[in-house]
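Open your viewer and keep the selection panel at hand. We will go from one stop to the next, with something to select at each.

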Amino acid sequence: MKKKGQKIYFAVIMAFLYLPLIYLIAYSFNDGKTSVWKGFTMKWYTALFNDSQIMTSLYNTLIIALLASILATVLGTLAAIGIYNFKGGVRSAIQNVSNIPIVNPEIVTGVSLMLLFTFAGTMMGFEMGFWTVLLAHIGFCTPYVILNVTPRIKQMDSSLYEAALDLGCSPVQAFFKVVLHELMPGIFSGFLISFTYSLDDFVITYFTRGSRFQTLPVQIYTMTHQRINPKANALSALLFVTVLVILIISNAVSSRKDKEAAR
Amino acid sequence: MKSKKPSIPYLGWMLVFTIVPLLMVLYYAFTDDTGAFTLNNFQNVSDYSHIFLYSLYVALISTVICLVLAYPLAFSISRCTQRKQSLIIMFLMVPMWMNFLLRVYAWVLILQSYGPLDTMLQFFGIHIKLIGNTGAIVVGMVYEFLPIMILPIHAVMSKIDDSLIEAAQDLGCNGFYVFRKVIFPLSVPGIISGVTMVFVPTASTFLVAQYLGGDQLMIGDVIERVFQFNHNTGSAIALVLMVVILGFLVFMNRFGDKEAVGR
Amino acid sequence: MKRGLCILTALMLILLSAACLTSCESSEASAEDSAKSTATADSASNAREVNVYNWGEYIAPGDDGGMNVIAEFEKRYGIKVNYTNFETNEELYNVLKNSNSSYDVIIPSDYMVARLREEGMLEKLNFDNIPNYKNIDERFLNQDFDPDSEYSVPYSWGFIAMVYNKAMIPEGELTGFHDMWNPKYENGVLMFNNSRDAMAIAMQLCDPPIDPGAKSFSEEDISRATDKLIELKECGALKKYVMDQVFTEMEGSQAAIAAYYAGDISTMMDNNEDLDYVIPEEGSNLFIDSMCIPTCCKHKENAELFINFMCEPEIAAENAAYIYYGTPNKEALELMDEDYLESELTNPPEEYLDKCYTFTNLDDKTYSRMQEDFIKACTGKASDASVVTVAVLLGLVLLATLTITVLNIRRAIRNRGRINKL
């Protein structure tokens, strides 16, 4: 009885989470712009792929996400190692400041960066666009990298590094061969989180993009806030499938690994 | 490995992209457009106090609903086998990976007049406006943030050792007592991080009210609109919002430190 | 490590799918990129691009067999048009003033042209590069906002009317703006989401009315108009303040009445048969939107080429046929079909035009005061309900703090007891 109740409850929550998406996707095939079904069509998909603005924003989004997550990973890993070597009070102070972009409301981060970039822009004569968005993204991604790498540093046996030095590695070699290897899982998850956050960010991008640079979330905003736009439905269908495939495969891979590990 | 140097680039970065922007917000909040010191901006903020209250109110309701929905679900997931758990978590994450505007847009399509839900209700003779009110905003928020509430609660619950529960049962606890004495106290850290992760963005979000709400704006929308023509008042509102949110975080943290068993 | 591996795979997949998605346009994008890099290497003025900043839904997009005006320009001159939209004159002004963005062609309305001109934010046009300027009807030239017609080329003109849904409101019931303040249309009225247009309508309805075309407004005028707008909200008629969202709302039959620009009303009527228009008896704002070149412009010659292109009779006619606003281009007018010429929305009766007013540029103080008060009208006044909410919220917070403190003290006492026992 209890189990059955649980199952029903679970089904209800899943329906709540998935039905809106399924509805959204179903209507990407609707030949007509209203909620009345007017027959099957693929025209919105064709329109989507032919829309050069959307394609450019997709390209921008991917480039920004890739660059921002790579740079944030490098910056964050180095920072995590350095910060770890500070003592007590100073360290927690630095960590607190570093966490500001995470705990602060996104909109406050957004407007504060906008103030900075407009001010700097007027002083040095540049306009907001690709570079300011990139800087902003690195800024909010790096703390996540630090949060993911720091626990790994704590776990790491520092004698490993010394052993490498004793065995004739230069500090740089020891860093790349031993330290990085030990920290890798943390660095990876930090990178992945940065990448997804950067892909999905709307608020901070909105305030730092200037007025011409478009990323996909901003493009979605312009697409959906004026009119019901079936192209947005088509886009969500594609995003949904991409996300689903990635997650299913990663899940399958990890469960196979689990089995292998069990063997 | 003992060097603090690797953190230097990031320390500089924090100074330029975290501290300086916030100082600029502070500066703008306390000056007028000629740059002279003034407190008038805060007087203007008081005109929006009801919007603050409304936002907190929406955030509170959404957070409570999320918690009530998520808690039993997280618990029942955490009692499944490892494989099933990771599968379910994956399915919870799929909607989270979709762009947040598209998710809100899905609800616009569903709740709009002559939309599917409205048509259904009309069929049963019920005539109510589904969109353009606080209820619609709350539904949107719950939809956005439910997975974010489930994940941290599930994370702590899945770490609760089954033998603890069995031990409690052996010692004569009935179901309710097991929950009160074992499961609930151990899940508090998860609840706290879940509540924080939901409350902060719901209180400060912008656009959701524009999509789903009616004539009532939320504080995020007001910040964006005021910033369009008055950086000073806008900064003052952002500053107040930041202080409110930080106050909330400190409050939650105290709560957490005292109650949490192991974090 | 296995988690790392799984993440790695996930990542590869993301990149792979991303590559797939972008591959279809990568050639285009890279071409664009190289164009950009040569642009920066070149002196900026020679770059083959022009940045156009226009109202939303205000250029023919080439849907439904019409001409895609931008694509046509790009094809003919090989100049890339970076086309972006603004929603209100105020937004345009703020972007130009605050964001360091550079635009080559902007299309503000009359009073904004005056404002930008007076602040020295517009370039004088070189009419040698705009030979098609001769097509512009003289009655649109030398207006107050640009007395010597040195800075602007009229793009289109129009006025504000009302659109309503026949399925919700019987025909003939609406006569003017005052009908919008009727609680009967519960949650059904859409109002302009920009201070100038919304305040103007409110001013017309104030008792006694304030002339929205006045050169300046006193603080009292503005607060009276604000109160009138708050009344719209408090009587329950208002659904939302909207700009471009009006299309979704009206075309999707989500709202009953809206006041909006006449040209856009025809577009909405094309997309939803239930819609019809009313020309408000009070009269309304008559506006001329003009193409200008701001001082932040980096491609002045391309900009003038674009303006000239837009003044070509065929292009102007195609464009007017889509946007359905009045065209100041007398040659284009010859090419228009009868529907267009006879529509009241593009060609309102003379006696109506006499009731209309135009906006003038306001001084800084009035200008920002209007915007501030408008946001206050949008957010309404603090109501009793919110006071109750405060009390409840504060009460909850207090209660929670108290509970925690009590719990902590109890626990501390208990623990001490236990320790003592040990």
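Two residues are in contact here if their C-beta atoms, placed from the backbone, lie within 7 Å. Keep in mind as you click that this is a predicted model.

**Stop 1: chain B against chain A**

Select chains A and B. How many residues does each chain bring to the contact? Chain B brings 62 residues and chain A brings 60 residues. Now colour the helices of chain B: those that each supply at least two residues of the side touching chain A include H1 (8-29), H3 (49-78), H7 (134-157) and H12 (231-259). The biggest contributor to that side is H1(B), which gives 14 residues. Switch to colouring by residue class, and the side of chain B that touches chain A shows 47 nonpolar, 11 polar and 4 charged residues.

**Stop 2: H3(A) on H1(B)**

Stay with H1(B) and add helix H3 of chain A, residues 52-84. The two helices pack with their axes 7 Å apart, at an angle of about 105°. Angles of 65 to 115 degrees count as roughly perpendicular, so that is how H3(A) and H1(B) lie to each other. Show side chains next: H3(A) makes the contact with Leu75(A), Leu78(A), Ala79(A) and Gly82(A), while H1(B) uses Ile8(B), Pro9(B), Tyr10(B) and Trp13(B). By class, this set holds 7 nonpolar residues, 1 polar residue and no charged ones.

**Stop 3: chain B against chain C**

Hide chain A and bring up chain C. In this contact, 26 residues come from chain B and 27 residues from chain C. On chain B, the helices H3, H11 and H12 each supply at least two residues of the side facing chain C. Which of them should you highlight for the largest share? Pick H3(B), with 8 residues. The side of chain B that touches chain C divides into 13 nonpolar, 8 polar and 5 charged residues.

**Stop 4: inside chain C**

Isolate chain C and turn on the cartoon: there are 15 helices and 9 strands. Of its 422 residues, 43% are buried. Among contacts between residues at least 6 apart in sequence, 77% join residues at least 24 apart.

Finish by selecting helix H5 (residues 195-205) and helix H6 (residues 219-234) of chain C, whose axes come within 8 Å and cross at roughly 95°. H5(C) and H6(C) are therefore roughly perpendicular too. Residues making the contact include Met199(C) and Met203(C) of H5(C), and Asp221(C) and Lys228(C) of H6(C). In total the contact has 7 nonpolar, no polar and 2 charged residues.

Definitions and conventions
Residues numbered from 1 in each chain as written. Chains lettered and ligands numbered in written order. Predicted model: local features only at pLDDT ≥ 70, side-chain atom pairs only at ≥ 80, totals over all residues. Helix = DSSP H or I, 4+ residues; strand = E, 2+ residues; numbered from the N terminus. Nonpolar A, V, L, I, M, F, W, Y, C, P; charged D, E, K, R; others polar. Axes fitted to C-alpha atoms, helices over the stretch in contact; angles between N-to-C directions. Parallel < 35°, antiparallel > 145°, perpendicular 65-115°, else oblique. Buried ≥ 20, exposed ≤ 12 C-beta atoms within 10 Å, placed from the backbone.
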